[in-house]
Amino acid sequence: EDYVLERLVECDVYVLGAPRALRAHDLNRCNIYVVAVGGSVHVENIIDSVIHLAARQLRVHAARRVKFYIRTLSRPIIEDSRDVAFAPFAFDIPGRSENTLKKHGLFEETGLWREVDDFMWLKSTPSPHWRVLDEAERAPPPTYDGPRT
């Protein structure tokens with residue numbers, strides 16, 4: 001199925017399945033955790049959030065102060081975004097993530113998380129809109145060990 005996350009504020013969202021596609025828009029101060037998306041992910045108007053996901057494709061529009069921990073099979077695309085940072089995907093659901101990632105062809109690290117195309121910066125110099133998240137700034141790899149009470 002396709003998943004849609006919309007108009008969320010101060011939420012932690014765990015997508016435990018592997019949707020065919022994911023669309024997220026109008027999120028503010030959220031933490032999103034997704035092991036695998038079989039197809040594409042489109043996010044729009046995301047502010048002060050953290051997103052962990054593995055997907056074939058990621059397209060980001062109008063993001064501000066967002067950290068992306070990702071693995072993709074194509075170069076991530078950003079447009080009209082500012083102060084976004086990228087790091088390698090590390091989210092894990094013990095006993096489940098490895099099989100899910102392998103099933104969707106997302107198990108191998110591609111390194112494309114650091115090869116971002118900025119459609120608002122077509123110059124040969126590095127884009128000022130995104131950066132690689134310094135290792136010292138990266139959060140420890142998150143895991144999911146069941147629902148919180």
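Tyr14 is partly exposed, because its relative accessibility comes to 22%. Tyr144 sits on the other side of the cut-off: at 16% relative accessibility it counts as buried, since buried means under 20%. All of this describes a predicted model.

**Aromatic pairs**

The count of aromatic pairs is six. One of them joins Tyr14 and Tyr144, with ring centres 4.9 Å apart and planes at 45 degrees, a tilted arrangement. This contact links distant parts of the chain. Tyr14 belongs to strand β2 (residues 12-15), while Tyr144 lies in the segment after β9 (130-132). The two residues are 130 residues apart.

Where do Phe86 and Trp130 lie? Phe86 is in strand β7 (residues 82-88) and Trp130 is in strand β9, so their pair ties together parts 44 residues apart in sequence. The planes of these two rings meet at 85 degrees, so the pair is edge-to-face; the cut-off for that class is over 60 degrees. Phe86 and Trp130 are both buried.

The geometry of the two pairs is set out here.

| Pair | Centre to centre | Angle between planes | Class |
|---|---|---|---|
| Tyr14 and Tyr144 | 4.9 Å | 45 degrees | tilted |
| Phe86 and Trp130 | 5.9 Å | 85 degrees | edge-to-face |

**Cluster and charge**

Which residues do ring pairs link into a cluster? They are Tyr14, Tyr33, Phe91 and Tyr144. Tyr14 and Tyr144 thus appear again, here as cluster members. Phe107 has a charged neighbour: Lys102 lies over the face of its ring, 4.9 Å from the ring centre.

Technical notes:
Residues numbered from 1 in each chain as written. Predicted model: local features only at pLDDT ≥ 70, side-chain atom pairs only at ≥ 80, totals over all residues. Heavy atoms only, no water. Phe/Tyr/Trp six-rings, centres within 6.5 Å; stacked < 30°, edge-to-face > 60°. Helix = DSSP H or I, 4+ residues; strand = E, 2+ residues; numbered from the N terminus. Buried < 20%, exposed > 50% of the residue type's maximum accessible area, 1.4 Å probe, protein only. Lys NZ or Arg CZ within 6 Å of the ring centre and 35° of its normal.
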